[in-house]
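The exercises that follow are meant to be worked with the sequence and the structure side by side. Try each task before reading its solution.

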Amino acid sequence: MDTATKFAQMFFALGVFAVVFVGTLLLASLFKGRRGEKIQAGAFVLPSLILLLGLLIPGLMTIWRSFQSDSNGAFGFSNYADIFTRSENLLVLRNTAIWVILVPVLATAIGLLYAILIDRSPVEALAKALVFLPMAISMVGAGIIWKFVYEYRTAGRTQIGLFNAILDALGKDPKNFMLDAPSNTFFLILVMVWIQAGFAMTVLSAAIKAIPDDIIEAAKLDGVEGLKMFRFITLPSIRSALIVVLTTIGIGTLKVFDIVRTMTGGNFQTSVIANEFYDAIFRYNRDGLGAAFAVLLFVLVIPIVVYNIVQMRKDA
Amino acid sequence: MSTSSPTPEPEVRAANPVGGTAVVVDTPGAGAAKPAKEPRKQKTAAGNAARAVSSPWASVLAIVIAGLWTLPTFGLFVTSFRSQLDINRTGWWTSLTNPGGYNVENYTEALTGGDVALGQYFINSTVITIPAVLLPLLLASLAAYAFAWMDFPLKNALFVGVFALQIIPLQVALLPLLQFYTNGLGLKSSYWTVWISHTIFALPLAIFLIHNFMKEIPGELIEAARVDGAGHVRIFFRIMLPVMTPALASFGIFQFLWVWNDLLVSLVFLGGTPDVAPLTVRVAELSGTRGNAWHILSAGAFISMIVPVAVFLGLQRYFVRGLLAGGLKG
């Protein structure tokens, strides 16, 4: 396909879409009265609801599929047994657990610290943009940026990766950051922290600025200062924002795929659930196992969301 | 923000544009929807905490963090303008003290070079992204309007259902959808697969957020229009869309970044097919197959980043606003 054909396809699709919608809406608007209102409501919501069946039905199919054995189609728990007993898969679960614990905590801690440090600084906007920028780029791009930082050459050669050049300058042996397990997982995690800290910073900074001035003034009159102010006024005031940040990053981290894919391809003991899901289906042709990994992701997301809602109720 | 339209100020929600499911919790940061609009005269709690760390050290620490967050990108950026020979012979930092020899050869090769040819992938990314942003925006606005201002059977149950769909990770739907496109519709490696899929995955959160915005619009506005004899279709296009523009823009930017930066959905539905695959798929592939060709990888990475970074820098206000008011699905 050449460029013109591609754009022609795009404009054709947009045109079809526009015509169908304007047509349906105009048609629906011809009906009056109570019945007309119902028909119009249908024209408004049904397209979305029908498309959402494309999420619901495949979801149910995947749950069903996850209970079918890949070897003989028998119904049972063989795929889940595979996940929870085979050593490679246990490693995947361990890695995912490390990711989900470390990334939210580190990203939130750094984001909060940075938000406090630059609060009301004359260059606050610029300082924020610098840390926030990694959020705008793809995880693929971020993966390549960091792979270059971790670039490894054998000892004796000139190191062109920043980290190994520093090791070199310190007189240490170069380290193959992406290959050496288990520490390589931590170096991948660093990339996600780098991406997510900007998110934490933005939300927490906003929450901090929203603390009413009179609370702070009152605390000051009571002689509360510095770190005590942080511990007893700031932290409690931004508590629910903190929970939102931690859980949101946690959910995003649970599904992390691009970073692992780009930087190690899941090799060298760095794989995580989302990557294993992809490999099971597209590399090993094990749809059932892939489905089981997808369902596992789903199941793991639920408690985080529930925790979130419970917290919200408490605060309300 | 400082929009003249009666845009509702939503409860603040946080969501994560990098693949996080939206987490719907009110934060106390409602005022934050106007970040640093006018500097406070009073001292903030954070300012106090920062002073406790004593100013010079706080500044040093802030600069260290900002440096750590900027240096990796800066390094690859410098590298993308160096020759292949220089890249492999010396670290990028040496070229700062001894500048010269910067050129755009790497970009030319990455964009047009026979086996890399990112130019056409750039087109693919564009063709994928535009409908994948516009479709969910319009569909979700329509549905949101109906949920907010129309009356129909099962309305509340359906709305709760749409809300609940937000927690489904898209991984769960990928394989059956792929099989449906291939076997059911005969669409293999077609743009349609990603347009439809991105729309589906965007809808639950989009409907929910836009609904919340619409609900804040004064009912009298709509009542008045009804009394004047305007139908819902007319109210939607004449009143709702114009009033909702800032909110739609915020969501549109997030959807744009999400789709442009997506790897998984495109990888599953389009594979590596050069005719349709987007930049992310190709660049990720290059990272695996040509992992040492840093002159190509560095230029390629920045070619894939230029659009989102431009969008981010140009529309940062909306971006932050959207982040605090809503966000994206996973």
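Helix axes are here lines fitted to C-alpha atoms over the stretch in contact, and the angle between two axes runs from 0 to 180 degrees between their N-to-C directions. The model is a predicted one.

**Exercise 1. Two helices from two chains**

Task: Describe how helix 2 of chain A and helix 8 of chain B cross, and state which residues make their contact.

Solution: Begin with the axes of helix 2 of chain A and helix 8 (residues 171-184) of chain B, which come within 7 Å and cross at roughly 95°. Next, compare this angle with the cut-off, under which 65 to 115 degrees counts as roughly perpendicular; helix 2 of chain A and helix 8 of chain B are therefore roughly perpendicular to each other. Then list the residues: helix 2 of chain A contributes A:Gly54, A:Leu55, A:Pro58, A:Gly59, A:Met61 and A:Thr62, while B:Val172, B:Ala173, B:Leu175, B:Pro176 and B:Leu177 come from helix 8 of chain B. Sorted by class, the residues of this contact are eight nonpolar, three polar and no charged.

**Exercise 2. The interface between the chains**

Task: Work out how many residues of chain A and of chain B are in contact, and which helix of chain A supplies the largest share of its side.

Solution: Counting on both sides, 120 residues of chain A are in contact with 108 residues of chain B. On the side of chain A that touches chain B, helix 2 (residues 33-66) of chain A provides the largest share, with 18 residues. The classes on that side of chain A are 79 nonpolar, 26 polar and 15 charged residues.

**Exercise 3. Domains within each chain**

Task: For chain B and then for chain A, find where the assigned domains lie and how they touch.

Solution: In chain B, the assignment places domain 1 at 45-112 and domain 2 at 118-325, and the C-alpha centres of these two domains of chain B lie 32 Å apart. Twelve residues of domain 1 of chain B are in contact with eleven residues of domain 2 of chain B. On the domain 1 side of this contact in chain B, helix 2 (55-79), helix 3 (84-89) and helix 5 (105-112) each supply at least two residues, and the largest share, six residues, belongs to helix 5 of chain B. The same side of domain 1 of chain B comprises six nonpolar, five polar and one charged residues.

Turning to chain A, domain 1 is assigned to 3-66 and domain 2 to 78-315, with C-alpha centres 37 Å apart. Four residues of domain 1 of chain A and seven residues of domain 2 of chain A take part in their contact.

**Exercise 4. The largest nonpolar core**

Task: Identify the residues with the most contacts inside the largest nonpolar core, and follow one of them to its neighbours.

Solution: The largest nonpolar core has 190 residues, and those with the most contacts inside it include A:Tyr114, A:Ala200, A:Phe293 and B:Ile210. Helix 8 (residues 183-209) of chain A gives the largest share of this core, 18 residues. Leaving aside neighbours within four places in sequence, A:Ala200 is in contact with A:Ala107, A:Thr108, A:Gly111, A:Leu112, A:Val245 and A:Ile249. Helix 8 of chain A also meets helix 5 (residues 124-132) of chain A, their axes coming within 8 Å and crossing at roughly 145°. In that contact, A:Lys128, A:Val131 and A:Phe132 of helix 5 of chain A meet A:Ala197, A:Gly198, A:Met201 and A:Thr202 of helix 8 of chain A.

How values were computed: Residues are numbered from 1 along each chain as its sequence is written. Chains are lettered from A and ligands numbered from 1 in the order in which they are written. This is a predicted model: local features need pLDDT of at least 70, side-chain atom pairs count only at pLDDT 80 or more; totals for chains, interfaces and linings use all residues. Domain bounds come from an automatic or database domain assignment. Helices (H or I, at least four residues) and strands (E, at least two) are DSSP runs, numbered from the N terminus. Ala, Val, Leu, Ile, Met, Phe, Trp, Tyr, Cys and Pro count as nonpolar, Asp, Glu, Lys and Arg as charged, and the others, Gly among them, as polar. Angles under 35 degrees count as roughly parallel, over 145 as roughly antiparallel, 65 to 115 as roughly perpendicular and the rest as oblique. A nonpolar core is a set of buried Ala, Val, Leu, Ile, Met, Phe, Trp, Tyr and Cys residues joined through C-beta atoms within 7 Å. A residue is buried if 20 or more other C-beta atoms lie within 10 Å of its own, exposed if 12 or fewer, and partly exposed in between; C-beta atoms are placed from the backbone.
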